[in-house]
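Please work through the exercises below with the sequence and the coordinates open beside you. Try each task before reading its solution.

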Amino acid sequence: MKLSALALLAIPAVSAFSPAATGRVNTALTVGGSLDTRTGAGIGLDANAGSLSAPKRKAGDPADTILVQGGSLKTWSFASPALERLQVRLTTEGRPLDADIELWQGPDNTPCKMRVYVEDGSLRPFSAVIETPRGPNTVAIRNIGQIEFPLAAKVAADDVDRPAADIASAAMTIQGGALRTYPFDPSVESVQIMLKTDGRPLNARIELLQGPNNNKQVVELYTEDGLDRPFFAVIETPGSGNVVRVVNTAPVEFPMTASVVPNEINTDYSASGVVIGGDTGW
């Protein structure tokens, strides 16, 4: 009698915790989708394999572009000694761009570094080629702007810009402490710049002016060997009144050669059109 009484007491206790008795169905994981029981949001379950799938990338987002927040540093390391040059591209969403770019080769060895400022990183993105001969290299990009000014950086070994065939014929010598200016027609949308030396260090400042003392882009450059590591860049020049100014900031003992030629020309540009803010002859 005591055994049967205990069995009768245990029966309702088991049925009280049974899912069938409460009428509730567990929907935490279902085939073809999943549901977060706390928020009701799906977690990306693959209906065919029953496994979690990777988040989808938005269309047009390059996989090798990294967002560098203001005040932060990102590095790209390339171990292969076969790489001879790298392409560096910096852009923003229309905000100013202020960054430091350095090439590291070995401990405490920085054979190339530059300071880049662009007034509008969307209208005039920065694009340059860094020579990386002999051995593994690391490219470091530091966003020295405020936290409100992030930038998108891309460093790639493929799809590297090449100079034009006639860029060597346009070379001009700039002595130490001297400068040269290169005005361009409004139909020129971008220009190529090549700076090199005979093996001596290269110290230069490149400015894109649009109007009197109105700097749209400034690049301060240092290279320990201007023959082994020449500087090549493509600068966007939208609008009219663009002038490229190249200054040799080294002493007089360190001359350099500069070549500045048009890269892209808009053939649909009409000189008879109205230029807002410009002066036209009567």
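The exercises that follow concern two residues and one strand of a predicted model.

**Exercise 1.** Determine where alanine 128 is found, and whether this residue counts as buried or exposed.

Solution. Begin with the secondary structure, where alanine 128 is found in strand S8, which covers residues 126–131. Next take the relative accessibility, which is 2% for alanine 128; because buried means under 20%, this residue counts as buried. Then list the contacts beyond four places in sequence, which are Leu86, Gln87, Val88, Phe231, Phe232 and Ala233. Finally, consider leucine 90, which lies 38 residues from alanine 128 in sequence, while the C-alpha atoms of the two are 9.2 Å apart.

**Exercise 2.** Identify what the side chain of asparagine 137 reaches, and describe the surroundings of this residue.

Solution. Asparagine 137 belongs to strand S9, residues 137–143, and with a relative accessibility of 4% it counts as buried. The side chain of asparagine 137 reaches the backbone oxygen of glycine 135 at 2.6 Å. Setting aside residues up to four places away in sequence, asparagine 137 touches Trp76, Ser77, Phe78, Leu103, Trp104, Gln105 and Thr132.

**Exercise 3.** Explain why strand S10 is described as largely enclosed, and work out how S3 and S5 pair with it.

Solution. Strand S10 spans residues 151–156, and five of its six residues are buried, so the strand is largely enclosed by the rest of the structure. Strand S3 (residues 66–68) runs antiparallel to S10 and is joined to it by three bridges, with valine 68 having leucine 151 as its bridge partner. Strand S5 (residues 85–91) also pairs with S10 in the antiparallel sense, over five bridges, and here glutamine 87 has alanine 156 as its partner.

Key. Residues numbered from 1 in each chain as written. Predicted model: local features only at pLDDT ≥ 70, side-chain atom pairs only at ≥ 80, totals over all residues. Heavy atoms only, no water. Helix = DSSP H or I, 4+ residues; strand = E, 2+ residues; numbered from the N terminus. Buried < 20%, exposed > 50% of the residue type's maximum accessible area, 1.4 Å probe, protein only. Contact = heavy atoms within 4.5 Å. Polar contact = N/O pair within 3.5 Å; in protein donor to acceptor, adjacent residues only side chain to side chain. Pairing = 2+ DSSP bridges.
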